[in-house]
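Q: Please take a close look at one small sheet in this model, working through its strands and their pairing. Then set it beside other parts of the chain and say how far the coordinates can be read.

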Amino acid sequence: SEFGMAVPRICPAGYVCDDTGMYKGKPCPAGHWCDKGTATVSSSCLNHGILDASYSSLDTCFDNSTDDFGLQASYLPAQIWAERHLMPLDSDSTIQPIRGKFCLEESCLKYEDENDLGVFDKSFDYSSTGFALRRPHPCPQGVYCHPGTPTNMTISAGRASLFQCRDGVHCPEGSVYPNGIGSCKRGHYCRFGTRKPCPVGTYCPNEYTFEPLPCEPGTFNLMIGQAECSVCPVGYMCPSYGLRDPVICPPGMVCSRKGLASPNIRCPAGFYCPTGTQTSDPFRNDTTLRPYACTPGTYCLAGTGSNEVIEGEVSHAQFCAKGFFCEAASVSAKGSGPCPPGFICEKGTANPRPTPKGFFAEHSGTIEATACLPGFYAPTIENKDCYPCPPGSSCSLEGLFEAEECPPGTYRSDPEIDGFGSCIPCPQGTWSKNWQLREKGECTRCPTGVVCPLDGMTAPCSFDDLPQPFEPVVNFKGMPAFEYEFPIETMPQPFTLDECLALNSKSKHTDKQEFYYGELVPPYIDILGRGPHFRESDDLSIKYQSTAKCYRNAQPDGSLLYMRMADYYGPQYDIQTGFFHQGYGSSLLLNQMYAVSPPKGFDIRLTYYRGKGNGFIDLPKSRRFEPAFNCTKGFKLFNSTLVRHDVKRVVYTHPLHDYEGGYDIEKCPTFDPQLNCYIDVTFELHPPGECCNVEKFRQRAILLAADQFYHGTCESDKICAEGRSSEPEAKPCDDSFICDEGTSLENSLKYPCPAGFICGFGTTPDTKLEAPSGQLSHLCDEGRYCNRMISEVGNEVCPRNYICPTGTADPFEGRLANDGLLRMLPSPFSDESIHLHYLHGENFGFYCDHEMKCAASTKPSLKKRFQTSWKLPDETDSILEYLTRQQKPFSISMNEATQLEATCERDKKSHFIQQAINRNDCNCHSKFLILAAIYRLWKCTSINPLDDLGLGEPTVPSMGNGKRDFWYSDSRVHLDRQSATAMDPSMEPFGLNWGEGKVCKFL
């Protein structure tokens, strides 16, 4: 522009010098600004003033928008996050949008030589100037440039400057006009011409938007460039403005619609709603995001969000109240209702729990079961009430579910009678070996002639009371010693017949005999030469053995206890009834004591085996002695296997009866545990590896062992055999007294022996002479008098100056035993005549037939003779009921001496009376008629004892009114138990009817 310049000037800012020889630059093109030295109008930007204003790079956008909030923030869809009750992003997570509308940038391309344009000219070296040529620069985004703009700075004073675009329009780089290329498109906002995508949490719904709008409640947006926010999905809520992602529906609430700013439904009562619950219908099966029934045992109020129990937090499930039960979906603390009777409901009960055994719940709503009181028990679960302990058992403790069986020797009946305590011991006079007796009357009565002095007796007799075997004895220095205690080589001399019998006591009663001379009757003879069956004999009359021997046996028929029980209980139960009873409670058996462990069911506390013996056994009994009610007694034999190792005693077998053979303890003293037998360590008697074995029928030395009892047909065999390890609890009736059945210790001395008679131990009230120990069996001996009323001893020597014939009751008053009267014999002199009879030797005398029978009954030969008679059973005789059913005749064996004696007036009282009448000493006829009238009046009108009027001894003792009447057939008969008890309280324990027929009758 000037002349004469030495060098050209740099093209000024705002202009373009794009040609040589120019004196003036061109204005910088519109939409650009030109720095000094701009040498070209060429630019990377299009000329927006020339192109259509609708052109925009928005047409080259990538859009991956979605309404699924899960995919907006992650690569998993919303359904997966909803099922997990989780959100893709935490609240404090950094936002990196991965979804939305992504557009290309609006910047122009840049040339590499934008600020160092290379120009070649032959006439000018541009490099020599040291100044780089430039291209025009696009006007920055958000502003527009007029032509000739020299700078990129906004200068408001001049035209040639950058100008700010309007809000809401889009001015990309190189903009020429204030409106740029037009309006800001939806999804974007343009503040002063600068276009930006709407950020997360906002939306740009219209064109010309210059400020993004926050998403309204009920919507959310986690994408960019969105014209609309996503609607809040079901199961979520969008409670505030500008939410990037929805809020999961809180627990206890239901969000069942889209676009919720807050939950629209509370969780229904009885159910709980976890986070994200989409429906209030708990029965929908197309989604898991539904209410769930409250757990059994709890209840849920409306709005419950968790089934975890936190007491006091109503948003959590709560335990069901005490006394109530809550099934699933319970809506209140009372749940499904109060606990029914028979069940208990503690706090939080889902299902009523049945009361356990031994407890009960009588009322509804029971929290804790009550233990059954003593006297009651509950054998099952679910008890509304406890049951009274049944008869035969006791419930002495609280909370019993199994009644305790009354052990042997006890009973218990109805609680109203026996209370609620423990089982009651059977009263004295009774015993029992069985469990579960249900009343006092089920205790078994003790036999006649026996005293049961203890309460709760279980062993009236023992193993030692059973019959013993006959054992051979030898003369060892004048003393009897058992033959099996000596080997053959050193065997002492045997006793002779006279020496043997002389060993017995001087008593004339055969029951005192202990030593016998004779032989054993096979086959039951053990290896020691002992046996139960004996035959009196001498060497000239032996029948079974090679020689007669002296034998010892203190009780060949058993003890007095055993004999009384055998007479009383008779044959075994199955023989009498046709079927077996359940058995007795077994005590310890021998092999259980010494060899093996107790069997299953054995209760060591009771020493009884519970496998049998439960319940009452109604044993047949014979209160009166009945010859047909007899049985065969069992016997004992040696059992070499029952060795008691705590008592070492060597005995020697009998060579004639050792049918076993085996070891000899003296020759083979060593026990080999491997062989389980005795051996000879020198192996002289047998080879190694073998047991010692002596041949049969040779004497051996063995260890003494116990006897084994072989039962007969007597019920008493079973009763007594169970008492091996115990002493008998019963005892024979005391000397000089009579014991009826069921005699207790208190009553054992109540009935003294009738005056003029001798009553030994075990005397029974039987009046018949065939009874072994009847009260009238033995008259007082001649020269003595017997009367407990006037003498404590009861058997005294006749005083001086008095005579005491046989049967003297009181020598001072001249009273005799009244033998004929008591046994109801006819008068011996009514029709009999006197004849001359031969006695013995050269002795003759005038006697009546009655006197001759009395004399004959004393002959020793007749005492050994028996007569057998056959008889059909009497249907009225309850004792022989089992024979009555069979309708077969049965035999009765009677001793001939006893038969004669039964018809004989042994005290000869009628003879003395006849002599007194013949001498005219007194008017007996008149006195007798008066006394007979008084006696008859007493029998039918009085219950008090008849005073002694001097007529024999038919009176009842001062205590026990009426009890002895049973034994006199012509006496009155009591109607029943009540009548008998009213007259005699001692009748009460028997629990059975007592007699039959009229209260007073004459036979």
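A: Two strands are taken as paired if DSSP finds at least two bridges between them. This is a predicted model, and in it three strands make up an open sheet with the order β21-β23-β22 and mixed pairing. Its edge strands are β21, residues 298–299, and β22, residues 306–309, each of which pairs on one side only. The strand listed between them in the order is β23, which spans residues 316–319 and runs parallel to β22, with two bridges joining these two strands. At the residue level, V309 has A317 of β23 as its bridge partner. As a general point, side chains in a regular strand alternate between the two faces of the sheet.

A hairpin elsewhere in the chain shows an antiparallel pairing. Strand β37 (residues 471–476) and strand β38 (residues 479–482) run antiparallel and are joined by four bridges. Within this pair, N475 stands opposite P480 of β38. Two residues lie between β37 and β38, and K477 in this turn has a positive phi of about 60°.

Side-chain rings provide further links. Across the whole structure there are 21 aromatic pairs. In one of them, Y144 and F163 have ring centres 5.6 Å apart and planes at 25°, so this pair is stacked. The pair connects distant parts of the chain, with Y144 in strand β7 (residues 143–145) and F163 in strand β8 (residues 162–164), 19 residues apart. Y144 and F163 are both buried. Ring pairs also join W431, Y568, Y569 and Y584 into a cluster. A charged side chain is placed against a ring as well: R135 lies over the face of Y111, 4.4 Å from the ring centre.

As for confidence, the protein chain has an average pLDDT of 81, and 83% of the residues score at least 70. Among the elements of the chain, strand β36 (residues 450–451) has the highest mean pLDDT, 96, and helix α7 (residues 590–594) the lowest, 34. Residues 506–510 have pLDDT below 50, and this stretch has three contacts beyond near neighbours in sequence. Residues 987–1003 also fall below 50, but this stretch has 52 such contacts in the model. Where pLDDT is low, the predicted coordinates should not be read in detail.

Definitions and conventions: Residues are numbered from 1 along each chain as its sequence is written. This is a predicted model: local features need pLDDT of at least 70, side-chain atom pairs count only at pLDDT 80 or more; totals for chains, interfaces and linings use all residues. Side-chain values use heavy atoms; hydrogens and water are left out. pLDDT is the predictor's confidence in each residue, from 0 to 100. Contact means heavy atoms within 4.5 Å. Rings of Phe, Tyr and Trp (its six-membered ring) pair if their centres lie within 6.5 Å; planes under 30 degrees apart count as stacked, over 60 as edge-to-face and the rest as tilted. Buried means under 20% relative accessible area, exposed over 50%, partly exposed in between (1.4 Å probe, protein chains only). A charge sits over a ring if NZ of Lys or CZ of Arg is within 6 Å of the ring centre and within 35 degrees of the ring normal.
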